[in-house]
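Me: I have a structure to go through with you. I will ask for the reason behind each label. Please keep the answers short.

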Amino acid sequence: MIEATNITVSIGGRPILDAVDFRARHAEITAIVGPNGSGKTTLLKTLCGDYPYAGKAVLDGHDVRRLPPPKSAALRAVLPQSTTLSFPFTVREVVALGLTAGRPGVPIGQLRRLPEDALARVDLSGFAGRFYNELSGGEQQRVQLARVLCQVWLPVLEGVPRFLFLDEPVSSLDIQHQLLIMDVARQFAEAGGGVVAILHDLNLAAMYADSLLALKTGRVAASGPPASVLTDTLIETVFDCPIRVGVAPQTPFVLPQSREKAAGRTTMTKVA
Amino acid sequence: MAQASLITQGILERGRPEGDRTGLGQLAVFLLALLLAIVMVVSMTTGASGASAWRVLAHAFGFVPLEGTEAVRDQVVVLNIRLPRMILGVLIGAGLAVSGLVMQGLFRNPLADPGLVGVSSGAGLGAVGIIVLGTTMLAPLTALLGIYALQIASFIGGLITTFILYRVATRSGQTAIATMLLAGIAIGALAGAVTGVLVYMADDNQLRDLTFWGLGSLSGSNWTKVMSSGPIILAALIGAGFLAKGLNAMTLGEATAAHLGLSVQPFKRWAIVIVAAATGASVAVSGGIGFVGIVVPHLLRLVIGPDHRYLLPASALLGASFLLLADAVSRTIVAPAELPIGIVTAFVGGPFFLWILLRRRSQLAW
């Protein structure tokens, strides 16, 4: 359980988040959506304890401000948007870094094979011996996810559910791997863990998330289940883009083609 | 590089998962320990005087009586000249290589080196300050610290420069390579200028001390220097061993290292203290010896990869061997005179550094 209330963050004197309330339950995927620069990444990093903040943030009963890194590493793992390495590690070595201080929760015998298991989970079997810096952006992103999975391999450890924080986990992936990675997140949640993901693809958000939080210029525009958040009015106010929300069986969908012609708008705005 | 390590990997890593180079790291540490042992023996048995270390050893174990002035002289040469020099060579070589490695990991930058970015100049300023002002302005300090005065002054000089460098060159956990090198030049120049003023103030005796000290040499080694610098370098080396996991995590960047469970701020403070201690205590004895901290870690990274759990001990061992060999060259190449060891390491390190730059230029445009 993550409970953040009244979170306010300024970086370099510029206000980024303004009185944001956020809640993420275990056994659920909570997606954060919003336009570029709306404070999504800042919110996620604040929940990791990266930035000083006003307000209250609690992760599994612990005040985020007072949670020492070794302890928080056992409670949640974080996938950044992109990661560059300063030295030439192999793919396996990068994934094994997930074992630095996290608690995967598996017996020693399986621990040795954990990097291989994690790589298989993200469809990168056979990549272990390659150099990370020589992979494509999408492959690097999946290697990092494998590392993150290693850190909290069991979604629930000793009765305590753990969290995956994913910052745009599918941003540089092809459609097959977008679905695969979202399925990995789904499985993690179904096994009792919690997932907080920043997503730009509203359709994936609608399809996979149990709960959505929409941010605009550092404030919460709406939150709740996808069907209640993704409405024509909300899309128009949050993204400044008049798009109709359609309804597929069970989930809402958002097609850029449905954009209404508005006076003075000439640029194509892509949602996905 | 990829090919070289992949080939050796194929031979050595059978039965290990693909991409796991720990076996290679362990083998390298073992072989380098062997190499150091050989180099240490060579260093003890060769020298300008032709004294026999074996005979001294045999006497120590009671096999040969100590007879004649020559035998006594040999004992003095081996025990009071060669032995302390060898010990200091090992410690300083290991200390410089490990300082370079820790700085490179801390700055996430393979070109960081205490000599290159002004840390040695800062440590040198501390040492010169004690040599010149130790009998006047800083007399209470030298009286208080005794034989450690020079070492502690160098340590503080190195600590201040490393700290300033880190503050100037690092923004939100990322160090810009150009900023770091340029800041290093500026800090080094500033420290050099203050050192110049101190040298100008020095009297004849102090000038003589300064010249000997500044050449970058192990030639003045004695047991006092071993006792004053040795424990500091040794402590720094042992401390560096605890940084290995953290340095690995730092490869992913500061924020990610914290998410992996590293307490980043204390880690950085310790790393800076360790670099300054090893560099300071080395500079206090031998003046500035450049490039060991660049050449040794870089070569090893090419062979065994960047895992600091093996890179740290391997760098310490190879750094020690490298400096002892450089010292052997400096003692013999213009015998009976001696070439300062800094010149020897610069002859190897200068071209090596250019080679790294050329290689990287083709990979990345920075």
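Me: What makes the radius of gyration of chain A agree with a compact globule?

Reply: First, a caution: this is a predicted model. Now the comparison. A compact globule with 272 residues would have a radius of gyration near 19 Å. Chain A has 19 Å, so the value agrees. Along the principal axes, the C-alpha atoms of chain A fill a box of roughly 60 × 40 × 40 Å.

Me: And what does chain B have for a radius of gyration, against a compact globule?

Reply: Chain B has 21 Å. The rule gives a value near 21 Å for 366 residues, so chain B agrees. Its C-alpha trace spans about 65 × 55 × 35 Å along the principal axes.

Me: What secondary structure does each chain have?

Reply: Chain A has nine helices and 14 strands. Chain B has 16 helices and two strands.

Me: How much of each chain is buried?

Reply: In chain A, 46% of the 272 residues count as buried. In chain B, buried residues make up 50% of the 366.

Me: What share of the contacts joins residues 24 or more positions apart?

Reply: In chain A it is 64% of the contacts between residues at least 6 apart in sequence. In chain B it is 78% of the contacts with a separation of 6 or more.

Me: Why is B:L324 called buried?

Reply: Count its neighbours. B:L324 has 25 other C-beta atoms within 10 Å. The cut-off for buried is 20 or more. So B:L324 is buried. It is found in helix α15 (residues 308-332) of chain B.

Me: Which residues is B:L324 in contact with, leaving aside its neighbours within four places in sequence?

Reply: B:V39, B:M40, B:S43, B:M86, B:G89, B:V90 and B:G93. B:L91 is 233 residues from B:L324 in sequence, yet their C-alpha atoms are 9.9 Å apart.

Me: Some of those names come back in a helix pair. How do you know the way in which α2(B) and α4(B) cross?

Reply: Two packed helices are described by the angle between their axes and the distance between the axes. Here the pair is helix α2 (residues 22-45) and helix α4 (residues 68-106) of chain B. Their axes come within 9 Å and cross at roughly 150 degrees. The crossing is right-handed.

Me: Which residues make that contact?

Reply: From α2(B), B:M40, B:S43 and B:M44. From α4(B), B:R82, B:L83, B:M86, B:G89 and B:V90. They divide into five nonpolar, two polar and one charged.

Me: What gives the most to the largest nonpolar core?

Reply: The core has 176 residues. A:A185 and B:V102 have the most contacts inside it. α4(B) gives the most to this core, with 13 residues.

Me: Which residues is B:V102 in contact with, leaving aside its neighbours within four places in sequence?

Reply: B:A240, B:L243, B:L247, B:A271, B:I274 and B:V275.

Me: Why is B:G62 called exposed?

Reply: B:G62 has 7 other C-beta atoms within 10 Å. Exposed means 12 or fewer. So B:G62 is exposed. B:G62 is found in the loop between α3 (53-60) and α4 of chain B. The C-alpha atoms of B:G62 and B:K225 are separated by 29 Å, with their places 163 residues apart along the chain.

Me: What makes A:D123 partly exposed?

Reply: A:D123 has 15 other C-beta atoms within 10 Å. Buried needs 20 or more, and exposed needs 12 or fewer. The count falls in between, so A:D123 is partly exposed. Its place is in the loop between α4 (108-121) and α5 (137-151) of chain A.

Me: What is notable about the phi of A:D123?

Reply: Its sign. Most residues other than glycine have a negative phi. A:D123 is not a glycine, yet it has a positive phi of about 60 degrees. A:E158 also has a positive phi, about 50 degrees, although it is not a glycine.

Me: Is A:E158 buried or exposed, and why?

Reply: Exposed. A:E158 has 8 C-beta neighbours inside 10 Å. The limit is 12 or fewer, so A:E158 counts as exposed. A:E158 is found in the loop between β7 (156-157) and β8 (160-161) of chain A.

Me: Last, the two chains together. How many residues does each chain give to the contact?

Reply: Chain A gives 28 residues and chain B gives 27 residues. On the side of chain A, the elements that give two or more residues are α2 (69-75), β6 (76-79) and α3 (91-96). The residues on that side divide into 17 nonpolar, seven polar and four charged.

Terms used
Residues are numbered from 1 along each chain as its sequence is written. Chains are lettered from A and ligands numbered from 1 in the order in which they are written. This is a predicted model: local features need pLDDT of at least 70, side-chain atom pairs count only at pLDDT 80 or more; totals for chains, interfaces and linings use all residues. Two residues are in contact if their C-beta atoms, placed from the backbone, lie within 7 Å. Helices (H or I, at least four residues) and strands (E, at least two) are DSSP runs, numbered from the N terminus. Ala, Val, Leu, Ile, Met, Phe, Trp, Tyr, Cys and Pro count as nonpolar, Asp, Glu, Lys and Arg as charged, and the others, Gly among them, as polar. Axes are lines fitted to C-alpha atoms, for helices over the stretch in contact, and angles run from 0 to 180 degrees between N-to-C directions. A crossing is left-handed if the near helix is turned anticlockwise from the far one by less than a right angle, and right-handed if clockwise. A nonpolar core is a set of buried Ala, Val, Leu, Ile, Met, Phe, Trp, Tyr and Cys residues joined through C-beta atoms within 7 Å. The radius of gyration is taken over C-alpha atoms; the globule rule is 2.2 Å times the number of residues to the power 0.38.
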